[in-house]
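Welcome! Below is a friendly tour for anyone meeting this protein for the first time, going from one local detail to the whole and back again.

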Amino acid sequence: MKTEIILVDKNVNKEETYSQAVEILQNEGLVAFPTETVYGLGADATNPQAVEKIFEAKGRPADNPLIVHVDSKESALEWVQNVPDKALQCMDAFWPGALTLIMKSKPDAFAANVTAGLSTVGIRVPNHPVALNLLRRVKLPIAAPSANTSGKPSPTRAEHVYHDMEGIIPLILDGGATAIGIESTVLDMTCEPPVILRPGNITKEDLEQVIGTVRLSSDIQGNAPKSPGMKYMHYAPEAPVYLIENDQALVEKAIEHVQKDGKKVAVLSTVEFPLADYYFRLSAETLYDSLRKCDRTDVDLILATVSPAPKRNVAMMNRLEKAADHKWFS
Ligand code: TXA
Ligand code: MG
């Protein structure tokens with residue numbers, strides 16, 4: 001299969017930009033498109049054959065449910081039931097935006113493989129003109145996980161999608177680099193108080209200003225992860241990633257130690273380390289791009305520096321810890 005890329009650029013509101021994508025999606029095909037978080041790999045969420053293609057293209061385990069994308073709160077409400085007031089308040093406050101709400105789905109609303117057989121579904125309205133234009137035209141709920149091969153860093157640029165999906169999917173809409181760079185916050189609205197299953201750019205504090213107390217699933221002791229996807233190792237580049245305290249002397253010593261064994265080291269940090277063989281900037285927006293850039297080098301080991309105030313960046317730290325599989329350099 002040939003993979004075509006349509007550069008959206010100045011044609012973001014033109015009909016022709018979307019006609020091919022709409023036709024593919026309405027005929028059981030896959031289309032990758034930008035959102036404000038990461039690129040999604042979309043399929044008709046009501047069609048099990050279409051959805052199956054997502055799992056095949058990504059090599060994704062079938063027990064990991066997909067997020068459904070719709071164009072508005074009104075569209076979302078057509079697909080869910082028993083919606084709590086707090087969910088409605090979140091929709092009003094944060095949609096379109098990087099917040100996925102887990103709610104009870106209507107019976108037989110979606111293909112069973114979208115929700116991995118669960119009675120609940122994760123839905124969001126993405127805040128990106130290309131995604132919104134596409135959703136309004138296709139007139140279907142679109143299941144879309146991140147458009148990477150399972151286990152690889154999520155794509156924040158069309159080139160990342162092309163790297164993973166070339167020859168596997170027919171079309172990528174290229175809307176440039178995504179603004180946020182990490183996946184949406186996932187908030188479970190089926191329990192009280194609501195629980196953050198996956199941290200994202202919309203923080204616990206942001207949510208609490210609108211709906212009061214919210215819990216973090218990582219704070220709930222002895223609980224199996226309720227967001228099935230969180231149990232899988234994610235976002236890992238080829239070379240092993242180690243976390244290290246963001247202390248200049250400590251990092252320099254680590255670099256020298258690795259290089260002494262004849263190995264090449266990359267540093268991911270907010271400040272440059274000229275001693276390292278490679279340096280990539282560390283921020284939520286650039287994390288996945290930097291991890292993918294490491295894959296294009298001959299690096300043997302990656303050091304990611306962790307600053308003393310990680311609370312300010314819960315979501316990025318969550319992804320970085322997964323990329324490192326929680327290993328610290330010692
Ligand atoms: O920012 C995003 O959310 C991106 C863009 C493309 O919208 N999408 C994304 O999808 O990250 P995906 O499939 O890679 O992540 C889905 C996450 C997983 O952690 C999954 O376990 C969780 O949402 N999830 C989906 N449906 C769920 C449900 N019914 N109950 C609990 N967790 C659910
Ligand atoms: Mg993903």
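Is Asp-9 buried or exposed? Asp-9 is exposed, with a relative accessible area of 55%, and the cut-off for that label is over 50%. Please keep in mind that this is a predicted model.

## The whole protein

Let us step back for a moment. The protein contains ten helices and 16 strands. Along its principal axes, the C-alpha atoms fill a box of roughly 60 × 50 × 35 Å. A compact globule of 330 residues would have a radius of gyration near 20 Å, and the protein's value of 20 Å agrees with that.

How much of the chain is tucked away? Of the 330 residues, 55% count as buried. Among contacts with a separation of 6 or more, 68% are between residues 24 or more positions apart. On the outside, about 14,700 Å² is exposed, and carbon and sulfur atoms supply 49% of this area. As for charge, there are 34 positive and 43 negative side chains, and the centres of these two sets lie 2 Å apart.

## An enclosed helix

Now look towards the end of the chain, at helix H10, which covers residues 314-323. Eight of its ten residues are buried, so H10 is largely enclosed by the rest of the structure. The buried residues include Met-316, Met-317 and Leu-320, and Asn-318, Arg-319 and Lys-322 are also on that list.

What covers the buried residues of H10? The cover includes two strands, S11 (195-198) and S13 (241-245). It also includes helix H9 (287-295) and strand S16 (301-306). After H10 comes Asp-325, whose phi is positive, near 50 degrees.

## Unusual backbone angles

Most residues other than glycine have a negative phi, and most peptide bonds are trans. With that in mind, here are some places in the loops that stand out.

| Place | Backbone feature | Loop |
|---|---|---|
| Asp-9 | phi near 45 degrees | between S1 (4-7) and H1 (15-26) |
| Asp-108 | phi near 60 degrees | between S6 and S7 (120-124) |
| Trp-95 to Pro-96 | cis, omega about -5 degrees | Pro-96 between H4 (85-94) and S6 (99-105) |
| Glu-192 to Pro-193 | cis, omega near -5 degrees | Pro-193 between S10 (185-188) and S11 |

Asp-9, where we began, has a positive phi although it is a residue other than glycine. Asp-108 is likewise a residue other than glycine with a positive phi. Asp-108 is exposed, with a relative accessible area of 79%.

The two cis bonds each lead into a proline: one joins Trp-95 and Pro-96, and the other runs from Glu-192 to Pro-193. Strand S11, which follows the loop holding Pro-193, has already appeared in the tour as part of the cover over H10.

## A serine in a loop

One last stop is Ser-72, in the loop between strand S4 (67-69) and helix H3 (73-77). Is Ser-72 buried or exposed? Its relative accessible area is 19%, and the limit for a buried residue is under 20%, so Ser-72 counts as buried. What does the side chain of Ser-72 make a polar contact with? Its partner is the side chain of Ser-75, at 3.0 Å.

Notes: Residues are numbered from 1 along each chain as its sequence is written. Chains are lettered from A and ligands numbered from 1 in the order in which they are written. This is a predicted model: local features need pLDDT of at least 70, side-chain atom pairs count only at pLDDT 80 or more; totals for chains, interfaces and linings use all residues. Side-chain values use heavy atoms; hydrogens and water are left out. Helices (H or I, at least four residues) and strands (E, at least two) are DSSP runs, numbered from the N terminus. The radius of gyration is taken over C-alpha atoms; the globule rule is 2.2 Å times the number of residues to the power 0.38. Buried means under 20% relative accessible area, exposed over 50%, partly exposed in between (1.4 Å probe, protein chains only). Contact means heavy atoms within 4.5 Å. Accessible areas come from the Shrake-Rupley method with a 1.4 Å probe; for residues, only the protein chains shown count as cover. Lys and Arg count as positive and Asp and Glu as negative; His and the chain ends are not counted. The place of a charge is taken as NZ of Lys, CZ of Arg, CG of Asp or CD of Glu. A polar contact is a pair of N or O atoms within 3.5 Å; within protein, one must be able to donate a hydrogen and the other to accept it, and residues adjacent in sequence count only if both atoms are side-chain atoms.
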